Protein chains: 2
Amino acid sequence: MPEFRKDPIVGRWVIISTERNKRDSDWISKPHFERVSGFCPFCEGNEDKTPPEIFAYRAEDSQPNEPGWRIRVVPNKFPALQIEGNLDLRSEGIFDKMNGIGAHEVFIESPEHTLRFVEFSFEHIRDILWIFRERMVDLKRDSRLKYIIIFKNEGFAAGASLEHSHSQLIATPIVPKIVVEELEGFRRHYNDKEQCIFCDIIRQELTSKIRVVSRSQSFVSLEPFAPRFPFETWILPLHHWSHYEDMEYNHFYELANILKETLEIIKKGLDDPPYNFLLHSCPINESMDLDFHWHIEIIPKLTSIAGFEWGSGIYINPVRPENAAEWLRTNS
Amino acid sequence: MPEFRKDPIVGRWVIISTERNKRDSDWISKPHFERVSGFCPFCEGNEDKTPPEIFAYRAEDSQPNEPGWRIRVVPNKFPALQIEGNLDLRSEGIFDKMNGIGAHEVFIESPEHTLRFVEFSFEHIRDILWIFRERMVDLKRDSRLKYIIIFKNEGFAAGASLEHSHSQLIATPIVPKIVVEELEGFRRHYNDKEQCIFCDIIRQELTSKIRVVSRSQSFVSLEPFAPRFPFETWILPLHHWSHYEDMEYNHFYELANILKETLEIIKKGLDDPPYNFLLHSCPINESMDLDFHWHIEIIPKLTSIAGFEWGSGIYINPVRPENAAEWLRTNS
């Protein structure tokens, strides 16, 4: 029997329909991770092929925009948003629009073309995660900005345009729709129970354990109760932190640990799928400590989205999250 | 300069960023429409390979589930939802779930394997559109159901699992999230202006003409002001109809005309892309005549969705809808 499940935060219903698992066509059969050769603007030595760097971890005797770096942050060459200018909100009859102000940055995660994120050392991943924080802290000073999202598209099927390992940051002058829905869900729950909904979810999940993939002292990775996608996996801090950037330095090594471990589990258990990785933190420049609980969402790209999902917003997921968690725990 | 645009109905912001158009990687380069051979359960003569038919237009001397049909409706063999049973809403601690009750039907649009929807005659498309209505009218009698969505996935990249031309219907016991958002937008606008927001949009679009692709006596096809996807195209009745199934028979031929014409324009102008087609009508079994305006959304599958979209709900569209409309008007 298929099942409707409701995401307790945003109220989104999904359909868990294992019947549809019997159709091979539901699964993407393309090569899971593709490699192409050719010129790469992110490789060491090609620093002049990107816009000038904003930030880098580099050898002390090296110069900006020259070799010698370990991690490098540059503006996106084809930015979705532009940092200079004013919003200039205006109407066109019934319609509203404004200038596309914001930041769009790229984290080039290594000078090595072939190294993948999951293959980096714990320390290197810690450094990348810390640089995410550094950029957030810097961009927060821009009062025009309301939200910063950090994401990674790994593999062409997950939307990557270059294979050299990188992640991206987009800072927007609006709070994105999905985050607004999360905030509303947090507030509704808080008004009702005087508790953070994610803290309540974590408590239940750690007790039942059926959807837990991995846990460490301060973090847990789990399959959410009502996932949109098969093997969608979240990483949550056990402590109530609304803002990613408020975590202290010593927690970043442990976060690197559970993130690398979870990505290794997904790589091994699911035959190295392309994936998206999203960092959801609290809106910036507003005091909302009780209203959010930062988290990471990892979405392996295993199935495609079709008309029903686009037309309804209801996702059909062919795998029960309890089965997904068990599979990941035992096949890795 | 990139631009934020707000959908006036659901309040969703999109980014129109023509800068990103310069990246070839934004466009899907796979063969636009694929053909594979092999056994097809939808072909004439294979009627016993689908569940027994629910409805068909067939020759008078033919029998159900035998050859002789023109259009055939069958239950989906791998249904996302199941028609028998009760909802049985229940909790698992903090979480809510219920049985996956609903209908999932397939419209096999022709006995011919190779004929595509866009190639059908006007009369044949009219008959398919009329059968959509027939199934809606029948399913409305089931008081457990609240919404019926009809959609088409054309091409594997758009989520089709079989190439033989078909569309699908899913009836749900909940009003889908996207429709709830549309209803809220309609009501907000109505409370404010005492007008249907789609009627107001149509009035503005027919005056400015910049986003209109085609129009007939009773319908218009246009690019919406804040499209999520490049060349996203909507077909709207000029008359205020909340429910698709309330249209009279004589309007279905004209609807078939503008739908076929619009799909031909998209096929010619965009090199025959895969696409999704979604029919959004008013929730059933509720009186909401003032609250909705049925419409069709056509989404050509030209770009892929990546981490930013999944994490934010903000879509980056590399094509201005005004340019898309002009391209379609002049290249078809």
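Strands β1(B) and β2(B) run antiparallel and are joined by four bridges. Strands here are DSSP runs of E with at least two residues, helices are runs of H or I with at least four, and both are numbered from the N terminus. Two strands pair if DSSP finds at least two bridges between them. The model is predicted: local features need pLDDT of at least 70, side-chain atom pairs count only at pLDDT 80 or more, and totals for chains, interfaces and linings use all residues. Residues are numbered from 1 along each chain as its sequence is written, while chains are lettered from A and ligands numbered from 1 in the order in which they are written.

Within this hairpin, K6(B) stands opposite W13(B). Six residues lie between the strands, and G11(B) takes a positive phi near 75°. In β2(B), residues 13-16, W13(B) and I15(B) point one way. V14(B) and I16(B) point the other way, and all are buried (20 or more other C-beta atoms within 10 Å of the residue's own, with 12 or fewer counting as exposed, values in between as partly exposed, and C-beta atoms placed from the backbone). β2(B) also pairs in the parallel sense with β15(B), residues 315-317, over three bridges. There, I15(B) has I316(B) as its bridge partner.

β1(B) also reaches across to the other chain. Four bridges join it to β6 of chain A, residues 95-99, and the two strands run antiparallel. K97(A) has R5(B) as its bridge partner. Overall, 64 residues of chain B are in contact with 64 residues of chain A (C-beta atoms, placed from the backbone, within 7 Å). The chain B side has 31 nonpolar, 19 polar and 14 charged residues. Ala, Val, Leu, Ile, Met, Phe, Trp, Tyr, Cys and Pro count as nonpolar, Asp, Glu, Lys and Arg as charged, and the others, Gly among them, as polar. The copies meet through the same surface, because 100% of the interface residues of chain B are also interface residues in chain A.

A turn of 180° with a shift of 0.0 Å along the axis lays chain B on chain A, with an RMSD of 0.0 Å. That is the relation of a two-fold axis. The superposition is by least squares on C-alpha atoms of residues with pLDDT of at least 70 in both copies. In chain B, I305(B) comes closest to the rotation axis, at 4.8 Å (C-alpha).

In chain A, the buried residues of α3(A) are I197(A), F198(A), I201(A), I202(A) and E205(A). They lie on the same side of the helix, because they cover an arc of only 135° around its axis (taken from the directions from the helix axis to the C-beta atoms). Just after α3(A), K209(A) takes a positive phi of about 65°.

Note on methods:
Two residues are in contact if their C-beta atoms, placed from the backbone, lie within 7 Å.
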